[in-house]
Each structure stands twice: as C-alpha cells, then as structure tokens.
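Hi,

Here is the structure I promised to pass on. Have a look at it first, and then read my notes on the charged side chains below.

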Amino acid sequence: MTAKEYNDCTGLWADDVMRFAVRLCTDRTECEDAVQEAFAALWENRQQVPEANGKSYLMGVAYRRLMMGFRRRRTDQRYIQTQRQQSTEPDTAFELRDALDRALKTLSEVQRAILQLRDVEGYSYREIGETLDLNDDQVQVYLFRARTAMRRELIKLGYDEYKR
C-alpha cells in the first residue's frame, strides 16, 4: 500500500471504523483512541496490507484494542471489588504478616520449604518429595507438623481465629 492508497483508505473508511467502534463501546474517547491506533497500525504495516484488505485490517485492530480495554477494566473492577471485600484493616494485615514471619522462623528448614512448596507454590506431595529427596509419607508428616506448629505459634501471638 502506498502513501496515496493509505490516504484514500483514511478518507473512505474512517467513519465506518468509528461507527463500528462506537457500537462496541460507549466511551467516545476510547473509540477515538482505538480508531487512531488502528490507522497508526495500518500505516506501520502498509507494506504487508493490500489496499483491498485495508478496511478489514482497520476493523480488526480497532476491535482488538477495544477488547483489551474491556478486559483491563474488568480486571481492575475485580481487583477493586476484592480489595473492598477484604475485612482486614491495613495495620492488621501488616501485623498478621509480621506474626506469620515470626511463626515461620520457628519451623525447621525442611518444614518451611515443604510449607512454601505445598501451600504457596501448589506443588503435589510427589513433586515436593522429588525436590527434597523425601517420600510422600514424609512430606505429609512434615507438612502436618509445620501447619500445627504455625497454628500453635499464631495462637501464642494472639491470633485465636487459627484454632481448630
């Protein structure tokens, strides 16, 4: 596509692409941004896009740009909602973090490693056993003892909700 063909595309299809964007999204500025990005992408890839495919290329780029915005906003909204639902105050959260760190320091290295691999990283007993050269039964016993020790230490530190 030459510069003249690009300019012809701009004149012919700018309104169509904008109408398409407005149907997908009600935010006018976001639509304008998507159309602008579509034309910028067409300009950057003008050598690979034939003039006959210009309109479909523009529509596709605008669509993908708007969908990325939808997903980003949805993720942001979920994050905000999750933050609102959390009942711990920021100070309490820091205190709990400190208590967890203190409780973790009371564990042996093996117990700490197994607790980290299982509860944080999500490894299976078999994977943990292979990593630490233990059998599945040993992993389960160490994990049980680590959780019990953590619970006991957290109760000592005043976090009674961790009682069983």
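In which helix do aspartate 16 and arginine 19 lie, and how many residues apart are they? Both are in helix α1, which covers residues 3-24, and they sit three residues apart, about one turn of the helix. Before you go on, keep in mind that this is a predicted model.

Now for what that pair does. The side chains of aspartate 16 and arginine 19 meet in a salt bridge, with 2.3 Å from N to O. In case the idea is new to you: side chains of opposite charge can pair when their charged atoms come close. As for arginine 19, its relative accessibility is 43%, so it counts as partly exposed.

Helix α4 (residues 90-105) has a pair of this kind too: aspartate 101 and arginine 97 both lie there, four residues apart, which is again about one turn of the helix. They form a salt bridge whose closest N and O atoms are 3.7 Å apart. Are these two buried or exposed? Aspartate 101 has a relative accessible area of 29%, so it is partly exposed, while arginine 97 comes out at 52% and is therefore exposed.

Next, a network to look for on your screen: salt bridges that share partners join Glu30, Glu37 and Arg65 together. One of the links is between glutamate 37 and arginine 65, whose side chains meet at 3.0 Å, N to O. Glutamate 37 belongs to helix α2 (residues 28-44) and arginine 65 to helix α3 (residues 54-85), so this salt bridge ties together parts that are 28 residues apart in sequence. How accessible are the two partners? Glutamate 37 counts as partly exposed because its relative accessibility is 38%. Arginine 65 is buried, because its relative accessible area is 13% and the cut-off for buried is under 20%.

In total, the count comes to nine salt bridges, so don't stop at the ones I picked out if you feel like exploring.

Last topic: aromatic rings. How many aromatic pairs does the structure hold? Zero. Rings do turn up beside charges, though. Arginine 46 lies over the face of tryptophan 43, at 3.8 Å from the ring centre. Arginine 118 lies over the face of tyrosine 125, and there the distance to the ring centre is 4.3 Å.

Happy browsing, and write back if anything is unclear.

Cheers

Technical notes:
Residues numbered from 1 in each chain as written. Predicted model: local features only at pLDDT ≥ 70, side-chain atom pairs only at ≥ 80, totals over all residues. Heavy atoms only, no water. Salt bridge = Lys/Arg side-chain N within 4 Å of Asp/Glu carboxyl O. Helix = DSSP H or I, 4+ residues; strand = E, 2+ residues; numbered from the N terminus. Buried < 20%, exposed > 50% of the residue type's maximum accessible area, 1.4 Å probe, protein only. Phe/Tyr/Trp six-rings, centres within 6.5 Å; stacked < 30°, edge-to-face > 60°. Lys NZ or Arg CZ within 6 Å of the ring centre and 35° of its normal.
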